[in-house]
Amino acid sequence: MKDIVQKFTGNSEETSDNTMLQISDILNNLEHGLFTINLDGTINNEYSVITKKILKIDDIQSSSISEILRMNTRQSKAFHTWLDLVKRSHSQIRWQKLSKLAPVQEIEFTDDPGKIENSSFISLSYQCIYGNDKQLSKIMILAMDITETRLKDLNMAAERQRHENDIKAILNIVNATADEIREFIEDTAVRLDELISQVQLHMDKVIRQREVYPDGENYVIDNEAIDTLYRNIHTIKSNCSSFGFDFFATIAHQTEDLLENLRQPVTSRRQEELQTIKVFFDKMNIALDEIRQKVKLIYGEWDENTVL
């Protein structure tokens, strides 16, 4: 990618307006996306054809930068803060450093949040574009599909982490009493059942509200209900951490973060957010079952101290 830009500019950090169309013509025949934004974050009509396919978006120019880069409210605010920094400091700070401060460096697309193998990954890089007056004019965003490499790295890391988690979990089970482990499993199972029930209830209400009153107000999950869900998840996370079940605690922590997306103002579809949360509850149930299996290995399936 840098070679393409350098062919026209001699510098991978600076590109003139006059060469943008030439670069775009070349990239239309390559497996990389390209589009440009103004310094206020608005989108220009300069983009390569394959950009739509790579970023999975139908209309680049009529979309916002938040929609294209799949940014939530917090990320969008951070991105525009970065643009302000670029406008103020591009003449004092090297572009290589400024570009690394961009809040979105990679996008993950997935149809199934519970299965990493169904994901695709897009790497983003940013280049500054100078106009004929030698002033910073636009920012070019390059998008590259790195799915194959990223999945290979993630699978290797996951396998290594899984092995470390298994060893740590077994050691922590051995060092706890059977009663302590039994209480942990029973309490966690009850809390998970309650969490799944409550989230399903909210999902049913969201769907019903949309079906019965399609033009009415959206169903709102109030902060009290969200706080109740949060407390149960936080308790599960704390209990997992106290026993050293870090793999379980990590999933619970990720689920806590997902809950924040349900608070007002909601910027995404509630049904999709709730479905994703349910997927993470499934992950937590799988983690709990793995702990049960390890307990059976240690105590023996028919031992009187077996924890089921």
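1. A helix here is a DSSP run (H or I) of at least four residues, and helices are numbered from the N terminus. That definition places aspartate 289 and arginine 292 together in helix α11, where they are three residues apart, so about one helical turn separates them. Their side chains meet in a salt bridge, with N to O at 2.5 Å. Aspartate 289 has a relative accessible area of 38% and is partly exposed. The reader should bear in mind that the structure is a predicted model.

2. The largest nonpolar core has 41 residues. Within this core, the residues that touch the most other members are Phe184, Phe245, Phe248 and Ile291. Two or more residues come from each of the helices α7 (147–175), α8 (178–212), α9 (223–243), α10 (246–259) and α11 (270–299). In soluble globular proteins, nonpolar side chains tend to be buried together.

3. Which residues does isoleucine 291 touch, leaving out those up to four places away in sequence? They are Ile173, Phe184, Ile185, Phe245, Phe247 and Phe248. Of these contacts, Phe184, Phe245 and Phe248 are named with Ile291 itself as the residues touching the most other members of the largest core.

4. A further core of 31 residues lies apart from the largest one. Among its members are Ile68, Leu69, Leu83 and Ile139.

5. Helix α10 merits a paragraph of its own. With 14 residues, α10 reaches 20 Å from its first C-alpha to its last, close to the 20 Å expected at 1.5 Å a residue. The buried residues in α10 are Phe247, Phe248, Ala249, Ile251, Ala252, Thr255, Glu256, Leu258 and Leu259. The cover over these buried residues includes α7, α8, α9 and α11. Glu256 and Thr255 are thus listed as buried alongside nonpolar residues such as Ile251 and Leu258.

6. Tyrosine 230 lies in helix α9. Apart from its neighbours within four places in sequence, tyrosine 230 is in contact with Glu256, Leu259 and Glu260. Glu256 and Leu259 belong to the buried set of α10, whereas glutamate 260 is partly exposed at a relative accessible area of 39%. Tyrosine 230 is itself partly exposed, with a relative accessible area of 29%. Its C-alpha atom is separated by 9.8 Å from that of alanine 252, a residue 22 places away along the chain.

7. The count of salt bridges comes to twelve. One of them joins glutamate 106 to arginine 150, and the closest N and O atoms of this pair are 2.6 Å apart. Glutamate 106 sits in strand β4 (residues 106–110) and arginine 150 in helix α7, so the bridge ties together parts that are 44 residues apart in sequence. Glutamate 106 has a relative accessible area of 34% and arginine 150 stands at 22% relative accessibility. Each counts as partly exposed because its value lies between the cut-offs of 20% and 50%.

8. Glu106 and Arg150 also belong to a network of salt bridges that links them with Asp153. Elsewhere, glutamate 260, introduced above as a contact of tyrosine 230, forms a salt bridge with arginine 263. The closest N and O atoms of that pair are 3.1 Å apart.

9. How many disulfides does the structure hold? The number is zero. Two cysteines may nevertheless be noted for their burial. Cysteine 128 counts as buried at 2% relative accessibility, and cysteine 240 counts as buried at 0%. Both values fall under the 20% cut-off, which is why the two residues are classed as buried.

Definitions and conventions
Residues are numbered from 1 along each chain as its sequence is written. This is a predicted model: local features need pLDDT of at least 70, side-chain atom pairs count only at pLDDT 80 or more; totals for chains, interfaces and linings use all residues. Side-chain values use heavy atoms; hydrogens and water are left out. A nonpolar core is a set of buried Ala, Val, Leu, Ile, Met, Phe, Trp, Tyr and Cys residues joined through side-chain atoms within 4.5 Å. Buried means under 20% relative accessible area, exposed over 50%, partly exposed in between (1.4 Å probe, protein chains only). Contact means heavy atoms within 4.5 Å. The expected span of a helix is 1.5 Å times one less than its number of residues. A disulfide is a pair of cysteine sulfur atoms within 2.5 Å. A salt bridge is a side-chain nitrogen of Lys or Arg within 4 Å of a carboxyl oxygen of Asp or Glu.
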